[in-house]
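Visitor: I'd like to go through this one label by label and hear what earns each of them. Can you show me the structure?

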Amino acid sequence: MDKRALTERDICTKFILPAIKRAGWDEMVQVREEVFFTKGRIIVRGKLVTRGKAKKADFVLYYKPNIPVALIEAKDNNHSVGHGIQQGLDYAATLNIPFVFSSNGDGFVFHDRTGRSVPIETNLGLDAFPSPVDLWTRYRAWKGLDAQAEQMVLEDYFDDGSGKTPRYYQVNAVNAAIEAIAKGRDRVLLVMATGTGKTYTAFQIIWRLWKAGRKKRILFLADRNVLIDQTMINDFRPFGAAMAKLSTNAKTIERQDGSKVDLTLALDQKRRIDTAFEVYLGLYQAITGPEERQKLYKEFSPGFFDLIVIDECHRGSAAEDSAWREILTHFSRATQIGLTATPKETEYVSNTDYFGEPVFTYSLKQGISDGFLAPYKVVKVHIDRDVEGYRPELGQLDRDGNEVEDRIYNAKDFDRNLVLDDRTVLTAKKITEFLKESGDRFQKTIVFCVDEEHAARMRHALVNENADLVAENQRYVMRITGSDKEGQDQLGNFIDPESKYPVLVTTSRLLSTGVDAQTCRLIVLDRAVGSMTEFKQIVGRGTRVHEDSKKFYFTLIDFRGATSHFADPDFDGDPVQVYEPAEDDPVTPPDGFEEDEQATFEPPPGETIVDQPGLPLPTGGPIRKIYVDGVGARILAERVEYLDENGKLVTESLRDFTKTALRKRFASLDDFLKRWKSAERKQAIIEELEAEGLALDAVADELGKNLDPFDLICHVAFDKKPLTRRERAENVRKRDVFTKYGPQARAVLDALLEKYLDEGVLNLDDANVLKVTPFTAMGSVVQLIKAFGGKAGFEKAVHEMQDELYQETA
């Protein structure tokens, strides 16, 4: 056997796998081959959606399922034994795997990422691969696990037999949390972007701790009823009869498979607690409140729970007087795990004050890069009144006949203090126009408004703009807000991918957090968003990918400049810890406001200013809105931005974007021509470009020209005058380059040239092309190739023809 003639897959099968098995690894349980651990970035160009290549490890070795300890990167035998080590190290850093091997079938190069081996990198023979016990012993020493901690860390994940396994980052999060708790940490923070499966991750953590007998009574807290209900019937379903909801309201929920289940309750109608359960789920609002009688959590003894998991813990958990903190303090002896997409609450208050630094972080940017989260387009719409402001004419009367105060009103005033109905109508028109132009008026849409009253007016305007579809079903447009029961009753239908209605939903804040709207394709911001926390949560409503309905990206229409948050380095940076008290400092973060900041400070949701230096005391009663009719509004400007391959928003045409990207890859026209001429498979160059998000078909569509990829690149990147495929084919025919071949070979080449002219086929030397018309009428594949003296002669002839095709570059 000539080892150098074997493919990489053959090397894996014939040499690497046997070496692993001889070392004692169980092929069925501990060894996985070709492990795809990302989905491949979703790349959007106009309406064209492609996926980048998913990352794949050749081998991953697990001490137990979902506890990876080693990775092997394989190469064929034409490469050196250590050729794949750098690629393996890159993958291992992502997968948090400590031991990395590279092999070409002759032996192994072993790299110890823990730094504990001396030397760090060594060569090993094929028969010297480490055993599972050897690598686990090194792993234990690296993590500092004693025998008791090891027992907890090795507790099995839940497996329902369906084949569903956690994604790589969920494994990293679960293992990081379990290891931290096993080593005695009792405050744990996990930072995971919205849409990355925080609840499923929490379930696996709870399950393993529960099954290990280390945490026997567990409390899971959230702040939305729908979250608790979804969690009980979906991710937490395996807890079965051991689980109950802290609620007095019985409820029947429909599962994803259509079956119905009654939620088990831990409270009776007199709010008495049944303490026989082991896993409790509850709304923090339902077990606490400003009055003592509402503080249901006090019915549990402080030591009742061993583990508390707080979903969306960014919401005020660091503030001493918050409802979260009140509950957490009561159960201070319990291990507490915080889950959040947004670790930093404000510049002065952060939940890392309470939980400590996160043990694991998976960002929005990483989720989009891996292809697990949907990228997004941003459409910024500037309305004249927002940009220029509005000053009433002298003596201008409002709708009630009162004179409007003479001052300049700006975007912060509109729909909060002053209502210009024409502006609302214009916004609704623009949203409807977008839906109509997109070709899909049934894409689930959330419109974020200033308050509930604004949401009602926006619903009214959207109903009028979409009267045809509202006539078919009045639920086409609905308001879903905290005080609107009819709307809230439809929340389940809105987030259900199988339910057609409602389609357009107006809200103020209800849908900004925690609602799993998988099929939401359009988010509209018609209110300012001052908090980075809330901004991330709003963006998170659209980031879920839903492949069944072909939802791979979403659009965000911004009428209020809220997307300026994208420019903030904190938008998707690491968690920020601003306040670090010294030994004698108070734990409570300082006020930190300057006088000018006090004057412009806007309270976060749920808070009201009762005293502020420099402002008169409020007179009481709700703020009266001023309604002014007949003022008019128009669109000043509109621009579309999209994410480039590095996750940055770009504002430029697709052609300009492609030109910049191509010139980064090819330094000059000569550089490109050399690369093109030397490439045996021209298609390989196109595939490389597509993997980087440069889909040339989309550029050709924008230019409106039927160009060969070669001409497209020369024209767009280097401003060369392009030739059409017909011109290129005719030039080859004029030069009469087929005369040296016999009649049958000439006929084949002429037909290949015609195929190139019609379809732009680049892989003309692929003999499979001879299996379709018109070649089937000329003879069998064997006969046609024989006309060239064999396969090598056929490939040589086609390569010569391709060289002739691309002779002209001017």
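Guide: Sure. Keep in mind that this is a predicted model. Let's start with His 546, which sits in the loop that runs between helix H18 (532-540) and strand S24 (554-558).

Visitor: Why is His 546 called buried?

Guide: Its relative accessible area is 12%, and buried means under 20%, so His 546 gets the label. Leaving aside neighbours within four places in sequence, His 546 has contacts with Pro 497, Gln 518, Thr 519 and Lys 551.

Visitor: What makes Val 31 count as buried?

Guide: The cut-off again: 8% relative accessibility against a limit of under 20%. Val 31 belongs to strand S1 (residues 31-36). Sequence neighbours within four places aside, Val 31 is in contact with Leu 17, Ile 20, Trp 25, Asp 26, Phe 59, Val 60 and Leu 61.

Visitor: How far apart are Val 31 and Ala 70 in sequence and in space?

Guide: They are 39 residues apart along the sequence, and 9.8 Å apart from C-alpha to C-alpha.

Visitor: Which residues have the most contacts inside the largest nonpolar core?

Guide: Ile 16, Trp 25, Ile 72, Phe 101, Phe 108, Phe 239 and Ile 337, in a core of 91 residues. Helix H5 (residues 168-182) supplies the largest share of this core, with eleven residues. There is also a second, separate core of 45 residues, with Ala 679, Leu 712, Leu 757 and Leu 770 among them.

Visitor: What does Phe 101 touch?

Guide: Beyond four places away in sequence, its partners include Ala 70, Ile 72, Ile 85, Phe 108, Leu 124 and Pro 130. One of the others is Glu 73.

Visitor: How do you know that H21 and H24 are roughly antiparallel?

Guide: From the angle. Helix H21 (residues 669-678) and helix H24 (residues 709-718) pack at about 165°, their axes 11 Å apart. Angles over 145 degrees count as roughly antiparallel, so the pair qualifies. The crossing of H21 past H24 is right-handed.

Visitor: Which residues make that contact?

Guide: H21 brings Leu 669, Phe 672, Leu 673 and Trp 676, while H24 brings Phe 710, Ile 713, Cys 714 and Phe 718. By class, that gives eight nonpolar residues, no polar ones and no charged ones.

Visitor: What makes Asn 66 and Asn 96 worth a look?

Guide: Their backbone angles. Asn 66 has a phi near 70°, positive although the residue is not glycine. For Asn 96, also a residue other than glycine, phi is positive too, near 60°. Most residues other than glycine have a negative phi.

Visitor: Why is Asn 66 called buried, and why does Asn 96 count as partly exposed?

Guide: Asn 66 has 16% relative accessibility, and buried means under 20%. Asn 96 comes in at 35%, and partly exposed covers values between 20% and 50%. Asn 66 lies in the loop between strand S4 (56-64) and strand S5 (67-74); Asn 96 is in the loop between helix H2 (85-95) and strand S6 (99-103).

Visitor: Where are the cis peptide bonds that involve Pro 119 and Pro 502?

Guide: One joins Val 118 and Pro 119, with omega about -5°, and Pro 119 is in the loop between strand S7 (107-112) and strand S8 (121-125). Another joins Tyr 501 and Pro 502, with omega about -5°; Pro 502 is in the loop between helix H17 (491-495) and strand S22 (504-507).

Methods:
Residues are numbered from 1 along each chain as its sequence is written. This is a predicted model: local features need pLDDT of at least 70, side-chain atom pairs count only at pLDDT 80 or more; totals for chains, interfaces and linings use all residues. Side-chain values use heavy atoms; hydrogens and water are left out. A nonpolar core is a set of buried Ala, Val, Leu, Ile, Met, Phe, Trp, Tyr and Cys residues joined through side-chain atoms within 4.5 Å. Buried means under 20% relative accessible area, exposed over 50%, partly exposed in between (1.4 Å probe, protein chains only). Helices (H or I, at least four residues) and strands (E, at least two) are DSSP runs, numbered from the N terminus. Contact means heavy atoms within 4.5 Å. Axes are lines fitted to C-alpha atoms, for helices over the stretch in contact, and angles run from 0 to 180 degrees between N-to-C directions. Angles under 35 degrees count as roughly parallel, over 145 as roughly antiparallel, 65 to 115 as roughly perpendicular and the rest as oblique. A crossing is left-handed if the near helix is turned anticlockwise from the far one by less than a right angle, and right-handed if clockwise. Ala, Val, Leu, Ile, Met, Phe, Trp, Tyr, Cys and Pro count as nonpolar, Asp, Glu, Lys and Arg as charged, and the others, Gly among them, as polar.
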